[in-house]
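This report walks through a protein model together with its bound ligand, one region at a time. Please keep the sequence and the structure at hand while reading.

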Amino acid sequence: MCGIVGAVAARPVAEILLEGLRRLEYRGYDSAGMAVSNGNTTERLRRTGKVQALADALAENPLSGHLGIAHTRWATHGKPTENNAHPHMSGDRLAIVHNGIIENFEVLKAALIKQGFRFTSDTDTEVVAHLLQAELNGGSAILDAVNTVVAKLEGAFALGVIQMDNPGQMIAARKGSPLVVGVGIGENFIASDQLALLQVTDRFMFLDEGDVARISCDGIEVWDQAGASVERDVVRYEHSVSSADKGEYKHYMMKEIYEQPKVLAAAMEGRLSNGRLLEQAFGAGASEIFDQVKQVQIIACGTSYHAGMVAKYWIEDLVGIPCNVEVASEYRYRPVVLPEGTLFISVSQSGETADTLAALREIKDRVLASLTICNVPGSSLVRESDLCLMTNAGPEIGVASTKAFTTQLVGLLLTTLALGRRHNLSEEKETEIVAALQQLPELTRQVLEMDKDIELMSQSFAEKHHSLFLGRGPMYPVVMEGALKLKEISYIHAESYPAGELKHGPLALVDKDMPVVTVAPRNGMLDKLKANLQEVRARGGELFVFAGCSEQVKPEEGMAVLHMPEVPAILEPIVFTVPLQLLSYHVAVLKGTDVDQPRNLAKSVTVE
Ligand code: AGP
């Protein structure tokens, strides 16, 4: 999704902005641009394609100045062309960058055209530039112009604005899209994400919904939605700077898969003691809230939704209270029934997913309490929920979520323990689960040792166009996640089904060109699953099985089997996810796709 970087400094800013854009590449984009003001002129360069194309253009036509804004665009209104790329300008003195969607842009645009403004792009953003210019033409100062214009905008936005007549300051505004201020020494910055600025600062100020800020070299002034001057806390970035680099790995995705033993341990750190969960980890007042929970509603998108689906099995089995799970894009738009005592749980890596956030805002006042399981401290979901449990996975750069998913599962299992001890879960069972959790980093490490075998297996996939993923019980959401990974990064069509559904339709698809992947831990469903696998074999389908127990599933012709380590049943959804991540990764590498930034996708989906 679009990325913003801005800088005001005593030194030239173009290189800082460019590096910021590079660090935002993971968000997904299709064009990039920059505008720099040197007090006499504001110059702009834009290119379609990668940030490198912009870097090449800058090498030929350097932009010099101490104030600048830059942007990576993920097309919403208008194709990914140079004209549609940001920054957008009105005249030659004002430039803006925008992330989000201006929903009423058509009405505003029509009025601006009547006033004589000429549009050079198809974007919703350009209306903001002209609206600001109209205010400036009427004699307003830039800050007043921004305040007047944001009041006219419907939708979501994070904005960065520079004006040549004010070469020492930039204006930022946010409503519904993320924006953070990077606090430097004698220089300050803005960005969509802290990662963009780690090369220049590790201190950040998160703007609240509706905030407008004026940022200069030696000061940051913030006004809230009501126009009152406010102080926002400055917080230090919590993870090491190197955690955002690729290190020895070819792709961020691989690095993130391999980080799992470490981050799974971090997801539990300080939260378990003497075989029990420390529920203070969920924040002040958590215990009182948990005491009153009678049912759970989980909301999320994509991978995070799959994590929620696994949690449903855990909560209904171990806690014994109802748990509904739904994708946020559906939930937010339908009338929902919320019985008394509902705990609303949002699950999100980024904490900024527009649909998830909108769902929270929609029902917040009608539920007992809201809890978010999230990876980004200071994100909107964290700030707007009553309780939060940070997943501590560290920055996840690969668009395809890996370590974020497995750490979300840990967070959701801890939530299950917190709720369970008030309902069906005995102290002995809690201690047993805690002991199992403590084995998780080591078990994950053992699965990573299977990497070479999985890479070999991946060769059977590279030429295929379709695939089927089957699982039963809590392994059904695990194969949903496996299928999502494969389609996201290898572009192979992958469908997931509960294995029991096979004969109700998808079996018609099975032939020698349709590889069927399944996870088969040794649980109560294994015999039923094996019967489903026979149905596939009988139709000539090629099977790829990640099996839990060597005696029970044996390789045979047309059936490749890799055996997983012995895993406590409760951990199976977490541990069995890892080989599916590795399989997708290797298939994508064989196919030569852009693993970390797959086509058409964005890391953080901050628009509907
Ligand atoms: C996962 O690989 C995806 N890229 C995507 O489905 C993602 O999980 C989804 O957009 C939700 O994001 P969030 O966890 O940041 O809310």
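## A lysine in a loop

In this predicted model, K364 lies in the loop that joins α11 (354-363) to β21 (369-374). Its relative accessibility is 29%, which is why K364 counts as partly exposed, a class that runs between 20% and 50%. The side chain of K364 reaches the backbone oxygen of E384 at a distance of 2.7 Å. K364 can also be placed relative to I289: the two are 75 residues apart in sequence, and their C-alpha atoms are 14 Å apart in space.

## Domains and nonpolar cores

The protein is divided into domain 1 (3-236), domain 2 (252-446) and domain 3, the last of which is made of two stretches, 451-563 and 576-591. Between the centres of domain 1 and domain 2, taken over C-alpha atoms, the separation is 34 Å. The contact between these two domains takes 10 residues from domain 1 and 12 residues from domain 2.

The largest nonpolar core has 90 residues, and those with the most contacts inside it are I298, F546 and L571. Because domain 2 and domain 3 both give residues to this core, it lies between them. Apart from it lies another core, of 36 residues, including L24, V51, A57 and V180. Returning to F546, and not counting residues up to four places away in sequence, its contacts include I454, M457, V517, V519, L562, F576 and L583.

## The ligand and its surroundings

The ligand is surrounded by 14 residues, of which the closest are S304, S348, Q349, S350 and T353. Three polar approaches to oxygen atoms of the ligand can be described: a polar side-chain atom of S350 lies 2.6 Å from one such atom, an N or O atom in the side chain of E488 is at 2.7 Å, and a polar backbone atom of S401 is at 2.8 Å. On its own the ligand has 420 Å² of accessible area, and the protein covers 91% of this.

The elements that give two or more residues to the shell around the ligand are α9 (302-319) and α16 (475-490). The largest share, three residues, comes from α9.

## A buried glutamate in α16

E481 has its place in helix α16. Is this residue buried or exposed? With a relative accessibility of 1%, E481 counts as buried, because that class takes in values under 20%. The side chain of E481 makes a polar contact, at 2.5 Å, with the side chain of K485. Leaving aside neighbours within four places in sequence, E481 is in contact with T303, H306, S401 and F405; among these, S401 also has a polar backbone atom 2.8 Å from an oxygen atom of the ligand.

## Backbone details

Most residues other than glycine have a negative phi, and most peptide bonds are trans. Against that background, the peptide bond from H86 to P87 is cis, with omega near 0°, and P87 is found in the loop between β4 (67-73) and β5 (88-90).

N274, although not a glycine, has a positive phi of about 50°. N274 sits in the loop between β16 (272-273) and β17 (276-277), where it is exposed, with a relative accessible area of 77%. A positive phi, near 65°, is also found for N600, which lies in the segment after α19 (577-591) and counts as exposed at 64% relative accessibility.

Terms used
Residues numbered from 1 in each chain as written. Predicted model: local features only at pLDDT ≥ 70, side-chain atom pairs only at ≥ 80, totals over all residues. Heavy atoms only, no water. Core = buried A, V, L, I, M, F, W, Y, C linked by side-chain atoms within 4.5 Å. Buried < 20%, exposed > 50% of the residue type's maximum accessible area, 1.4 Å probe, protein only. Domains from an automatic or database assignment. Contact = heavy atoms within 4.5 Å. Near = heavy atom within 4 Å. Polar contact = N/O pair within 3.5 Å; in protein donor to acceptor, adjacent residues only side chain to side chain. Areas by Shrake-Rupley, 256 points an atom, 1.4 Å probe, with all protein chains shown as cover. Helix = DSSP H or I, 4+ residues; strand = E, 2+ residues; numbered from the N terminus.
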